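Biologist: I would like to take a close look at a single part of this structure. Please explain where it lies and what surrounds it, in terms that a first-year student can follow.

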Amino acid sequence: MKLEQNKAIVRDYLNEIVNKGNMGAFDIFFSDDVVFNETRNFREQYPARMQAIRGAFPDHHLIVRDQIAEDDKVVTRVTFHGTHSGPFNGIAATGKVVEWSGIAMDRIADGKVVEMWHVQNTAALLQQIGTKPPAASAK
């Protein structure tokens with residue numbers, strides 16, 4: 001049952017904070033010292049990140065595709081959707097409807113997310129809005 005509860009915590013924060021933009025729900029889902037991709041200033045940085053995403057993709061929406069839980073970790077595969085209606089990474093709005101994927105691994109302790117490791121396919125997003133991702137450097 002604990003694994004299902006942990007999966008629900010992740011689904012709920014993704015829906016409430018990412019989809020609905022409810023920044024007031026931070027304390028419900030995240031520990032005071034939550035770590036995001038090995039940095040400790042997630043609480044300070046995340047509202048600005050979400051504001052930038054929502055400014056560029058006002059209809060931004062995430063769909064959970066798969067979830068796997070083991071011990072205290074939950075892995076979630078997601079798909080993001082949105083219309084490029086505002087500037088993103090210096091790229092003017094294109095009006096294009098885009099879709100890109102991501103994977104999150106969250107560690108849960110005492111009913112809250114304490115560590116997060118998230119990656120998303122930003123290269124696919126940039127290709128869809130008409131830019132080419134940076135070329136990999138040759139070594």
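Modeller: The part to consider is helix α3, formed by residues 42-56, which lies across β1, β3 and β5 and runs at about 70 degrees to β1. The model is a predicted one, and its confidence should be stated at the outset. The chain averages a pLDDT of 92, and 94% of the residues score at least 70. Within the chain, confidence is lowest in α3, with a mean of 88, whereas β2 has the highest, at 98.

The sheet on which α3 lies comes next. Its 5 strands follow the order β1-β5-β4-β3-β2, and the sheet is open, with mixed pairing. The edge strands, each paired on one side only, are β1 (30-36) and β2 (61-70). From one strand to the next, the twist averages 25 degrees. Strand β1 is joined to β5 (residues 112-120) by 3 bridges, and these two strands run parallel. In β5, M116 is the bridge partner of F36.

A second helix also packs on this sheet: α1 (residues 2-19) touches β1, β2, β3 (73-83), β4 (97-109) and β5, and its direction makes about 160 degrees with that of β2.

How are two packed helices described? The description uses the angle between their axes and the distance between those axes. For α1 and α3, the angle is about 65 degrees and the axes are 11 Å apart. Because angles of 65 to 115 degrees count as roughly perpendicular, α1 is described as roughly perpendicular to α3. On the α1 side the contact is made by I17, V18 and N19, and on the α3 side by Y46, M50 and R54.

Residue I17 deserves further attention. Leaving aside residues up to four places away in sequence, I17 touches N22, M23, A25, F26, F29, F30, Y46 and M50. The largest nonpolar core has 33 residues, and I17 is among those that touch the most other members, together with Y13, F30, F42, F88, V113 and M116. Helix α1 gives the most to this core, with 6 residues.

One of the residues touched by I17, F29, leads to another part of the chain. F29 and G111 are 82 residues apart in sequence, yet their C-alpha atoms are 7.7 Å apart in space. G111 is found in the loop between β4 and β5. With a relative accessible area of 32%, G111 is classed as partly exposed, because this value falls between the limits of 20% for buried and 50% for exposed.

Conventions. Residues numbered from 1 in each chain as written. Predicted model: local features only at pLDDT ≥ 70, side-chain atom pairs only at ≥ 80, totals over all residues. Heavy atoms only, no water. Pairing = 2+ DSSP bridges. Helix = DSSP H or I, 4+ residues; strand = E, 2+ residues; numbered from the N terminus. Axes fitted to C-alpha atoms, helices over the stretch in contact; angles between N-to-C directions. Contact = heavy atoms within 4.5 Å. pLDDT = per-residue confidence, 0-100. Core = buried A, V, L, I, M, F, W, Y, C linked by side-chain atoms within 4.5 Å. Buried < 20%, exposed > 50% of the residue type's maximum accessible area, 1.4 Å probe, protein only. Parallel < 35°, antiparallel > 145°, perpendicular 65-115°, else oblique.
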